[in-house]
Each structure stands twice: as C-alpha cells, then as structure tokens.
Amino acid sequence: MSVMTSIPSPSIAARLRFCAALSSTIVALAAPISARSEDTLKLAVGAPQNWENQPAALGQQAGIFKKHGLVLELLFTQGSGETQQAVIAGSVDIGTGIGTYGAMGAFAKGAPIRAIANATTGAHDLYWYVRADSPIQSIKDGAGKTIAFSTNGSSTNVIVLGLVKESGVALKPTATGSPANTLTAVMSGQVDIGWSSPPLGVEALEQGKIRLIARGSDVASLRDQTVRIIIANANTLAQKKDAIRRFVEAYNETMDWMYAEDKALHIYAEAVKVPFAIAKRSRDEFYPKNNLRPNRLSSVDEAMADAIALKFLPAALSKDQLEQLFQYQLPRTP
C-alpha cells in the first residue's frame with residue numbers, strides 16, 4: 001500500500017510575501033538603466049577649456065551620462081602626453097584628446113592602450129600667434145625663434161614639426177603646457193610663437209594684443225586626418241566593455257546636444273569664464289561638428305606615414321595591429 005505524504009500549503013501571509021518579493025524583482029529588472037547602480041569611469045582630459053573636450057563635463061551636468069548608467073570622475077591635465085601616460089599607467093580608464101601619432105608610437109612599443117573613438121579630425125581649431133609688437137609676420141620669419149607646443153607626443157607637437165618641415169625654417173619647438181601657460185610665456189617674452197585653441201586667445205586676438213600667424217590646417221597632410229583620438233586602457237576595455245560602450249554612446253549623444261542648441265554654450269561660457277559671443281565664435285568657426293564625430297576615422301595610412309617621417313613610429317603598423325589599436329565603440333565612418 002502506497003503512502004502519500006501531504007505537503008502543507010503555504011500560509012496566505014507567506015504567499016503574499018512571495019508575491020511581493022517577485023513583484024519587486026520584476027520591477028527591478030524592468031527599471032531603466034538610470035535607476036540601477038551606476039558604473040564609475042575615470043577620465044583624464046587635456047586642455048579642459050577647449051570646446052572639443054567638453055562632452056564629458058557638459059554631458060554629466062546635463063544628466064546624459066547618468067541616463068546611460070555612468071558617473072565620470074574627471075582629471076584635468078596639461079596636454080595629450082600627460083593624458084596618455086595616465087591611461088598607460090592605469091591611473092584613469094579613458095583619456096580624451098590624444099595625439100594619434102603619439103598613440104600609434106606608444107602602442108607600437110607595447111603600451112596597453114586602445115582607441116575607442118575620434119576626438120578631432122583635421123587641425124582647424126589649433127593656431128599659432130605672436131605678440132602684436134613682434135616682427136614675426138609668418139612662420140617663414142621665425143628662423144631661430146622658439147615655437148610652442150603643449151606636451152611631447154601631442155597633436156600640437158605634431159603640427160609644430162609639420163610647420164617646421166613644410167616651411168623649411170629652423171624653428172625651436174618648446175613644450176609650454178596649456179594655452180593659458182603659453183599665453184603668459186609669450187606675453188612675457190619667454191617664447192616667441194605661442195599656440196592656442198579657442199576660446200583661449202580669441203578675445204586677445206579681437207583686442208589686437210596678439211596676431212595669428214599660422215593654423216594647424218596649414219599643414220596640408222593634416223586637413224582630413226584623425227589627429228586626436230579618445231583612448232582607453234586595454235585592461236579597462238576588456239573588463240568594462242559595456243561601460244565603455246555606453247560612455248561612447250553618451251558622448252555621441254552629448255555632442256549632438258552641444259550643437260543642437262545654445263544651452264550647452266551658455267553653460268560652457270560660464271564655466272570657462274568667457275563672453276557668450278566668444279564661446280559661440282569658438283564653436284562655430286573653429287570646431288565644425290563633423291570634425292568631432294566620435295565614429296569618424298580618416299586617413300589612417302597617411303597618419304602612419306607622417307608618424308614615421310616625424311619619428312613617432314619606427315615602421316608602419318600591420319592590418320592586425322591597426323585592428324587591435326582602433327577598437328571604436330560605434331561603427332566607424334570616414
């Protein structure tokens with residue numbers, strides 16, 4: 001004779017507790033990403049007053065990165081070389097505004113970096129200037145004179161070397177750090193030719209205190225090159241791939257917002273302490289949106305050739321090496 005063992009039914013209270021717990025789980029799974037725990041990413045940002053380097057700060061203030069489940073910790077540096085070193089050392093997860101040649105050279109030496117997005121294509125934003133009373137009228141008048149760039153391996157370093165090469169004039173490249181430090185050095189007579197990028201220096205140009213004598217776009221080979229990129233530490237990319245992908249998506253969304261209306265410009269102008277008109281001129285004249293699209297990658301072969309000629313890179317990277325270095329998180333377009 002078989003014996004049936006009865007299983008006691010759960011009490012009504014127990015069933016209610018189970019249903020409540022199940023409902024809470026369903027709500028949590030269905031909650032938007034902004035309601036869940038957020039991932040923190042550490043960023044190094046060179047030239048923090050430049051419009052091109054604003055998406056992280058502006059996007060965070062506007063709540064765009066939070067919407068993508070991210071909190072950003074920002075570290076500001078003196079330039080591309082310092083930013084890249086922080087990424088290589090693992091002190092930060094991501095670095096913005098890294099000179100492409102410097103990144104290629106570091107990667108070739110085994111540095112654990114990966115390019116995850118474009119920062120700037122072309123070099124229209126960067127310019128070189130002298131004091132209003134300087135006898136120098138153009139780069140060709142600068143023989144034996146000092147010419148500034150930010151840090152070794154930066155895009156300004158590349159452009160200065162390009163200006164020297166194309167002009168055939170023996171200038172003296174000198175690292176001066178940020179545009180603000182450079183302006184001080186030029187006005188005090190420590191450096192003959194300074195570098196800057198808007199908005200810094202634009203007001204001094206309008207007031208006639210300094211004169212523009214060259215632009216980065218004067219170096220013909222750079223006009224359509226991806227000259228600055230956004231990089232991530234390779235280990236971070238492997239361990240936080242989803243967070244990195246969301247970072248680039250939020251960055252792209254922020255860039256659209258920055259050009260769609262003037263609210264971002266007002267916030268930017270107040271943050272960098274420049275008149276709104278200067279901020280607007282900086283964006284509209286010096287920073288075409290198409291040059292800042294995160295998914296743009298242009299003239300890589302030309303960039304490698306220039307990097308070799310300027311001794312940033314000993315030899316061309318292979319196709320496999322390029323695919324390893326350029327791991328864009330949005331589909332690439334030229």
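Which residues of helix 5 are buried? I'll start there, and please keep in mind that this is a predicted model.

The buried ones are Thr100, Tyr101, Gly102, Ala103, Met104, Gly105, Ala106 and Phe107. Helix 5 runs over residues 100-108, and because 8 of its 9 residues are buried, the helix is largely enclosed by the rest of the structure. After helix 5 comes Gly110, and the phi of Gly110 is positive, near 100°.

Next, the cavities. The structure holds 2 cavities of 30 Å³ or more. The largest has a volume of about 160 Å³. It is lined by 18 residues, and those closest to its centre are Ala47, Ser80, Gly97, Ser155 and Arg228. Three elements give two or more residues to this lining: helix 4, at 80-89, strand 3, at 94-99, and helix 6, at 155-167. By residue class, the lining of the largest cavity has 13 polar residues, 3 nonpolar and 2 charged.

The second largest cavity comes in at about 70 Å³. This one takes us back to helix 5, since two of the buried residues I listed, Thr100 and Tyr101, appear in its lining. The other lining residues are Gly99, Ala123, Ser154, Ser155, Val158, Ile159, Leu222, Gln225 and Val227. Helix 5 and helix 6 each supply at least two residues here. Which helix gives the most to this lining? That is helix 6, with 3 residues. The lining of the second largest cavity divides into 6 nonpolar and 5 polar residues, with no charged ones.

Ser155 is worth marking on your copy. It is among the residues closest to the centre of the largest cavity, and it also lines the second largest one.

Last item, Thr176. Where does it lie? Thr176 is in the loop between strand 7, residues 172-175, and helix 7, residues 179-187. Is it buried or exposed? Its relative accessible area is 14%, and the cut-off for buried is under 20%, so Thr176 counts as buried.

As for what surrounds it, leaving aside residues up to four places away in sequence, Thr176 touches Ala148, Phe149, Ser150, Asn181, Thr182, Val191 and Trp195. With one of these, Thr182, there is a polar contact between the side chains, at 2.7 Å.

To recap: helix 5 is largely enclosed, the model holds 2 cavities of 30 Å³ or more, and Thr176 is a buried loop residue whose side chain makes a polar contact with that of Thr182.

Methods
Residues numbered from 1 in each chain as written. Predicted model: local features only at pLDDT ≥ 70, side-chain atom pairs only at ≥ 80, totals over all residues. Heavy atoms only, no water. Buried < 20%, exposed > 50% of the residue type's maximum accessible area, 1.4 Å probe, protein only. Helix = DSSP H or I, 4+ residues; strand = E, 2+ residues; numbered from the N terminus. Polar contact = N/O pair within 3.5 Å; in protein donor to acceptor, adjacent residues only side chain to side chain. Contact = heavy atoms within 4.5 Å. 1 Å grid on protein atoms, 1.4 Å probe; cavity = no way out; pocket = protein on both sides within 12 Å on 5 of 7 lines; lining within 4 Å. Points joined across faces, edges and corners; volume = space filled by probe spheres on them. Nonpolar A, V, L, I, M, F, W, Y, C, P; charged D, E, K, R; others polar.
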